[in-house]
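Hi,

Here is the structure I said I would pass on. Have a look at it first, and my notes follow underneath.

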Amino acid sequence: MSSELWLQIDDPADETALVCVVEEAVIGRDLRCDVVLHDEEASRVHARVDPDGGRGWVVIDLATTNGTFVNAERIVGPARIAVGDVIRIGRVSCTVVVPPSSTN
């Protein structure tokens, strides 16, 4: 399993971005978050992605009102994520993507 998680962030209020996560990362509107969203439907501290002991990655909702969704299903506990999965927070989609090639 890769030790990196690559997310394509499609935020309607911002440009599309590619983000690499190498350890636990908090996602939300607060500027202190590791991944900052610009969507009022997202909580200030909304979700967290964590490595899962070498078995991949999980996303955890941080007790938000609007919830966190993986592939259109609201999660209620840690949810395993893999390439192709879409995490939705408010109106923002975070798609798990294959790491970009390091050779050009």
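Start with aspartate 52: apart from neighbours within four places in sequence, its contacts are Trp57, Val58 and Arg80. One of these goes through side chains, since the aspartate 52 and arginine 80 side chains make a polar contact of 2.7 Å. Aspartate 52 sits in the loop between β5 and β6. Is aspartate 52 buried or exposed? Its relative accessibility is 15%, so aspartate 52 counts as buried, the cut-off being under 20%. Do bear in mind that this is a predicted model.

The two strands on either side of that loop make a hairpin with 5 residues between them, and glycine 53 has a positive phi there, near 55 degrees. β5 and β6 (residues 57–61) are antiparallel and share 5 bridges. Proline 51 faces tryptophan 57 of β6 across the pairing, and Trp57 is also one of the contacts of aspartate 52.

On to the overall picture. The protein has 11 strands and 0 helices, so to speak a plain run of β elements along the sequence. Its C-alpha trace spans about 40 × 30 × 25 Å along the principal axes. The radius of gyration is 13 Å, which agrees with the value near 13 Å for a compact globule of 104 residues. Of those 104 residues, 42% count as buried. The accessible surface is about 6100 Å², with 49% of it belonging to carbon and sulfur atoms. As for sequence range, take the contacts between residues at least 6 apart: 35% of them join residues at least 24 apart.

Now the sheet that holds β5 and β6. It is an open sheet of 5 strands with mixed pairing, in the order β4-β3-β5-β6-β9. β4 (35–36) and β9 (79–81) are the edge strands, each pairing on one side only. Where does the parallel part come in? It is between β3 and β4, which run parallel and are joined by 2 bridges; glycine 28 stands opposite valine 36 of β4. On its other pairing, β3 (residues 25–28) runs antiparallel to β5 (residues 47–51), with 3 bridges. Alanine 25 has valine 49 in β5 as its bridge partner.

There is a further set of pairings around β10. β7 (residues 68–70) is antiparallel to β10 through 3 bridges, and valine 70 has isoleucine 87 as its bridge partner in β10. β10 also runs antiparallel to β11 (residues 92–97), this time with 4 bridges, and arginine 88 is opposite serine 93 of β11. The hairpin of β10 and β11 has 2 residues between the strands, and glycine 90 in that turn has a positive phi of about 60 degrees.

β10 (residues 86–89) is a nice one to look at face by face. In a regular strand, side chains alternate between the two faces of the sheet. In β10, Ile87 and Ile89 make up the covered face, while Val86 and Arg88 make up the uncovered one.

Ile87 leads into the core. The largest nonpolar core has 23 residues, and those touching the most other members are Leu5, Ile9, Leu37, Val49, Val59, Ile81 and Ile87. Two or more residues come from each of β1 (5–10), β2 (17–21), β3, β5, β6, β9, β10 and β11. Which residues does isoleucine 87 touch, beyond those up to four places away in sequence? They are Leu7, Val49, Val59, Thr68, Phe69, Val70, Ile81, Val92, Ser93 and Cys94.

Thr68 in that list deserves a look of its own. Threonine 68 is part of β7, and at 0% relative accessibility it counts as buried. Its side chain has a polar contact of 2.6 Å with the side chain of aspartate 61. Leaving out residues up to four places away in sequence, threonine 68 touches His46, Ala47, Val59, Asp61, Glu73, Arg74, Ile75, Ile87, Arg88 and Ile89. Ile87 and Ile89 in that set are the covered face of β10, whereas Arg88 belongs to the uncovered face.

That's it from me.

Cheers

Methods. Residues numbered from 1 in each chain as written. Predicted model: local features only at pLDDT ≥ 70, side-chain atom pairs only at ≥ 80, totals over all residues. Heavy atoms only, no water. Pairing = 2+ DSSP bridges. Buried < 20%, exposed > 50% of the residue type's maximum accessible area, 1.4 Å probe, protein only. Core = buried A, V, L, I, M, F, W, Y, C linked by side-chain atoms within 4.5 Å. Contact = heavy atoms within 4.5 Å. Rg over C-alpha atoms; globule rule 2.2 N^0.38 Å. Areas by Shrake-Rupley, 256 points an atom, 1.4 Å probe, with all protein chains shown as cover. Polar contact = N/O pair within 3.5 Å; in protein donor to acceptor, adjacent residues only side chain to side chain.
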